[in-house]
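Student: Hey, I've got a new structure open and I'm a bit lost. Can you walk me through it?
Tutor: Sure, let's have a look together.

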Amino acid sequence: MQLADLIQLAVSAAAVAAMVGLAALATRGRGAPVLDEAAARRWLADEFPDARIGGLWIAADGLGAVARSGETALVLSRMGDGYVARAIAWDAAARAGVKDGRVALPLGDFAAPRAVLALGAWPPRDLAA
Amino acid sequence: MKFPTDPVTLATPFFILSVIAEIALARLGKLKARYETKDTATSLVMGLFSTLSGAPFAAISFAGAIWLYHHRLFTIPMTAAWAWVLVFFAEDLTYYVFHRLSHERRIWWAAHVNHHSSQHYNLSTALRQTWTGGVAGTWALWLPLSLLGFPPAMVAIEKGISLVYQYWIHTEAIRRMPRWFEAVFNTPSHHRVHHARNPRYLDRNYAGILIVWDRMFGTFQPELDEEACRYGLVHNLGTFNPLRVAFHEWVGIAADLIRSPRHALGWLFGPPGWSPDGSRDTSASLKAAWAARQKAVQAPAKHEAA
């Protein structure tokens with residue numbers, strides 16, 4: 001790599017930093033919409049249009065949800081200013097560990113390794129059965 | 001100092017200024033654009049390092065093109081206007097083929113998927129480029145142009161022009177171009193459909209510059225006012241980590257190959273989402289399920305009307 005290439009790389013990196021900084025300033029205070037039951041059901045209907053929701057558990061901070069559909073747990077977790085959805089086995093979701101009121105659900109996906117949701121006591125008594 | 005002839009290099013200051021302008025004007029409410037800090041950072045880091053990761057393969061590709069040009073079938077002069085018209089169409093058709101393969105075969109999707117991995121659609125998304133395109137080998141699709149007799153530099157410049165053209169269409173700020181323009185060229189509206197994850201919009205509008213290829217080969221889908229585009233992947237990423245963004249589909253392929261090596265051909269060359277037992281979703285199965293739901297919704301309505 002020549003000096004000119006290094007200078008070009010350094011200038012490009014500085015430009016990237018400037019653009020990211022501007023994006024941070026321009027979007028300050030904006031986050032993912034907080035989920036209530038209706039919003040969570042809308043997201044779930046978009047992501048899993050054929051699923052029958054048997055129960056729904058919304059995170060205490062509204063930034064995620066878990067729904068049960070048969071033996072499947074449908075997980076919504078915050079990603080930037082939106083949400084990411086994954087379906088995992090209900091058993092695996094029910095076994096997820098709780099630490100400081102947050103449940104780390106293993107999503108088993110390199111592209112979405114886990115969802116950490118403020119679900120408090122887990123598994124919820126009414127959904128665990 | 002040598003003046004650069006690579007259109008992408010020449011356009012880079014415009015890329016930076018236009019992203020800044022789009023962010024600022026959106027903030028001021030002057031145009032429609034949705035940015036998110038980490039998403040923007042991921043897109044720009046992907047773009048920055050794609051130029052580095054692509055360099056070794058660009059050299060191999062160019063060497064291959066020069067070798068083939070030495071064995072060319074015709075001699076096409078770089079100085080003739082007709083030759084530039086010809087290379088424009090030839091390159092754009094090659095791009096269509098490349099882009100379609102990149103969506104419809106998993107091994108090439110693995111290299112291209114990161115470009116579609118943002119849930120946002122703005123000018124920074126255009127810069128979310130592959131790190132593994134060289135490994136995937138799709139650059140070989142352009143080699144026949146040199147064998148035909150187009151000088152390799154001419155092909156490289158035309159590829160750059162196409163890439164620069166495709167930058168400005170990554171925006172929600174422009175709703176529709178004039179009708180004649182929408183009919184012939186790839187536009188923000190057509191390309192929003194291409195980046196959408198709605199089943200109706202999946203695997204449509206592969207065009208580079210001319211949308212006419214999609215119209216000719218049956219892959220065209222207009223953007224519909226009644227169905228807003230939802231951007232990203234069928235299974236959106238749960239991470240902004242550029243390494244996971246760049247390599248997640250390759251990791252998925254490796255895991256499938258280890259689990260079931262006898263289905264290697266399907267894992268590699270089947271459509272994204274292919275599995276031996278059909279338990280995963282492909283574009284075709286998602287479209288079929290969507291069509292069935294539409295039919296089910298419409299059937300009672302028709303019955304009531306009758």
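Tutor: One term before we start: a helix here is a DSSP run of at least four residues, and a strand is a run of at least two, numbered from the N terminus. Also keep in mind that this is a predicted model.

Student: Okay, chain B then. How many helices and strands does chain B have?
Tutor: There are 14 helices and zero strands in chain B. Reading from the N terminus, the elements go α-α-α-α-α-α-α-α-α-α-α-α-α-α.

Student: What radius of gyration does chain B have, and what would a compact globule have?
Tutor: Chain B comes out at 21 Å, which agrees with the value near 19 Å for a compact globule of 306 residues. Along the principal axes, its C-alpha trace spans about 70 × 55 × 40 Å.

Student: And how much of chain B is buried?
Tutor: 39% of its 306 residues count as buried. As for contacts with a separation of 6 or more, 71% of them in chain B are between residues 24 or more positions apart.

Student: Switching to chain A. What's with the sheet, and in which order do the strands run?
Tutor: It's an open sheet of four strands, ordered S1-S2-S3-S4, with antiparallel pairing. The edges are S1 (55-58) and S4 (82-89) of chain A, each pairing on one side only. On average, neighbouring strands in this sheet are turned by 15 degrees against each other, ignoring direction.

Student: Which helix packs on that sheet?
Tutor: That's helix H2 (residues 37-47) of chain A, which touches S1, S2, S3 and S4 of chain A. The direction of H2 makes about 120 degrees with that of S1(A).

Student: How many bridges are there between S1(A) and S2 of chain A?
Tutor: Four, in the antiparallel sense. In S2(A), A:Ala67 is the bridge partner of A:Leu56.

Student: How is chain A divided into domains?
Tutor: Into domain 1 (1-30) and domain 2 (37-123). The C-alpha centres of these domains of chain A lie 35 Å apart.

Student: Any odd backbone spots? What is phi of A:Asp100 near?
Tutor: Near 55 degrees, a positive value in a residue other than glycine. Most residues other than glycine have a negative phi. A:Asp100 is in the loop between strands S5 (98-99) and S6 (102-106) of chain A.

Student: Is A:Asp100 buried or exposed?
Tutor: A:Asp100 is exposed, because just 5 other C-beta atoms lie within 10 Å, and 12 or fewer counts as exposed.

Student: Which residues does the cis peptide bond join?
Tutor: A:Trp122 and A:Pro123, with omega about 0 degrees.

Key:
Residues numbered from 1 in each chain as written. Chains lettered and ligands numbered in written order. Predicted model: local features only at pLDDT ≥ 70, side-chain atom pairs only at ≥ 80, totals over all residues. Rg over C-alpha atoms; globule rule 2.2 N^0.38 Å. Buried ≥ 20, exposed ≤ 12 C-beta atoms within 10 Å, placed from the backbone. Contact = placed C-beta atoms within 7 Å. Pairing = 2+ DSSP bridges. Axes fitted to C-alpha atoms, helices over the stretch in contact; angles between N-to-C directions. Domains from an automatic or database assignment.
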